[in-house]
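Open the model in your viewer and keep the selection box at hand. Each stop below says what to select and what is there.

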Amino acid sequence: MSLTEQINGDIKNAMKAREKEKLAALRAIKSALLLEASKDGSGEVSEDAEMKILQKLHKQRKDAAALYKEQDRQDLLEDEVFQAGIIEGYLPAQMSEAEVSDVVINIITKTGASSPADMGKVMGAAMGQLAGKADGKMISMLVKKHLSS
């Protein structure tokens, strides 16, 4: 079952259960997938593109939630956190910080990077290897930490 079919089924179930908040998150996913499918005229979205779309939507919700928390807007914060949780359910499990750290150390060893000047080289390899499995901010933080020590 493709992600689009799964989302459509979940939208039907959310409509029947009258879950407005969940429905809003699901419709946002469906809208982004439809937009991507119509972009090149093929009507299809690759699995890679689906994951990138979900990650982008999830990141948008997390960033908005952080902004609302800063501004002490609890009403809007809860909605964004809820939607981020719904979107997260369709993403693969994220790696822990320790697992990402091990991968980063391995990449640093393989590339021979030794200083913060080599960050671009390490980040390129790390983002390629960890795409969809870990947050980019965490990867960047760990690369900086290991290259500066």
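The tour goes from the whole chain to its helices, then to its pockets and two loop residues.

**The whole chain**

Show the chain as a cartoon, and keep in mind that this is a predicted model. The chain has seven helices and zero strands. Read from the N terminus, the order of elements is therefore α-α-α-α-α-α-α. Taken along the principal axes, the C-alpha atoms fill a box of roughly 55 × 45 × 25 Å.

Now switch on the surface. Its accessible area is about 9,500 Å², and 52% of this belongs to carbon and sulfur atoms. Of the 149 residues, 34% count as buried. Among the contacts with a separation of 6 or more, 59% are between residues 24 or more positions apart.

**Stop 1: Ile7 in helix H1**

Select residues 3–17, which form helix H1, and pick out Ile7 within them. Is Ile7 buried or exposed? Ile7 has a relative accessible area of 0%, so it counts as buried.

Next, show what lies around this side chain. Leaving out residues up to four places away in sequence, Ile7 touches Leu26, Ile29, Lys30, Leu33 and Tyr90. Take Leu26 from that list: Leu26 and Ile7 are 19 residues apart along the chain, and their C-alpha atoms are separated by 6.5 Å.

**Stop 2: helix H7**

Select residues 136–148, the 13 residues of helix H7. Place a distance label between the C-alpha atoms at the two ends; they are 18 Å apart. This agrees with expectation, because 13 residues at 1.5 Å a residue should span 18 Å. The 1.5 Å is multiplied by one less than the number of residues.

Which residues of H7 are buried? They are Met138, Ile139, Ser140, Leu142, Val143, His146 and Leu147. To see part of what covers them, add helix H5 (97–111) and helix H6 (119–130) to the selection.

**Stop 3: Met123 in helix H6**

Stay with H6 and select Met123, which is found in this helix. Met123 has a relative accessible area of 17% and is buried, because the cut-off for buried is under 20%.

Show the contacts of Met123. Apart from residues up to four places away in sequence, it touches Gly136, Ile139, Ser140 and Val143. Ile139, Ser140 and Val143 are among the buried residues of H7 listed at the previous stop. For another distance, select Glu97: Glu97 and Met123 are 26 residues apart in sequence, and their C-alpha atoms are 16 Å apart in space.

**Stop 4: the largest pocket**

Rolling a probe the size of a water molecule over the atoms shows where empty space is left. The largest pocket has a volume of about 730 Å³. To find it, select Gln55, Gln94, Ala134, Asp135 and Gly136, the lining residues that lie nearest its centre. The full lining has 24 residues.

Which elements give two or more residues to this lining? They are helix H3 (47–70), H6 and H7. H3 provides the largest share, with nine residues. Colour the lining of the largest pocket by class, and it divides into nine nonpolar, five polar and 10 charged residues.

**Stop 5: the second largest pocket**

Now select Ala32, Leu35, Glu36, Lys39, Ile53, Lys56, Leu57 and Gln60, which line the second largest pocket. The volume of this pocket is about 160 Å³. Helix H2 (20–39) and H3 each supply at least two residues of its lining. By class, the lining has four nonpolar residues, one polar and three charged.

**Stop 6: two loop residues**

Most residues other than glycine have a negative phi. The last two selections have positive values.

Select Arg18, in the loop between H1 and H2. Its phi is near 55°, a positive value in a residue other than glycine. Arg18 counts as exposed, because its relative accessibility is 75% and the cut-off for exposed is over 50%.

Then go to Asp72, in the loop between H3 and helix H4 (74–88). Asp72 is not a glycine either, and has a positive phi of about 55°. With a relative accessible area of 65%, Asp72 is exposed.

Key:
Residues numbered from 1 in each chain as written. Predicted model: local features only at pLDDT ≥ 70, side-chain atom pairs only at ≥ 80, totals over all residues. Heavy atoms only, no water. Helix = DSSP H or I, 4+ residues; strand = E, 2+ residues; numbered from the N terminus. Buried < 20%, exposed > 50% of the residue type's maximum accessible area, 1.4 Å probe, protein only. Contact = heavy atoms within 4.5 Å. 1 Å grid on protein atoms, 1.4 Å probe; cavity = no way out; pocket = protein on both sides within 12 Å on 5 of 7 lines; lining within 4 Å. Points joined across faces, edges and corners; volume = space filled by probe spheres on them. Nonpolar A, V, L, I, M, F, W, Y, C, P; charged D, E, K, R; others polar. Areas by Shrake-Rupley, 256 points an atom, 1.4 Å probe, with all protein chains shown as cover.
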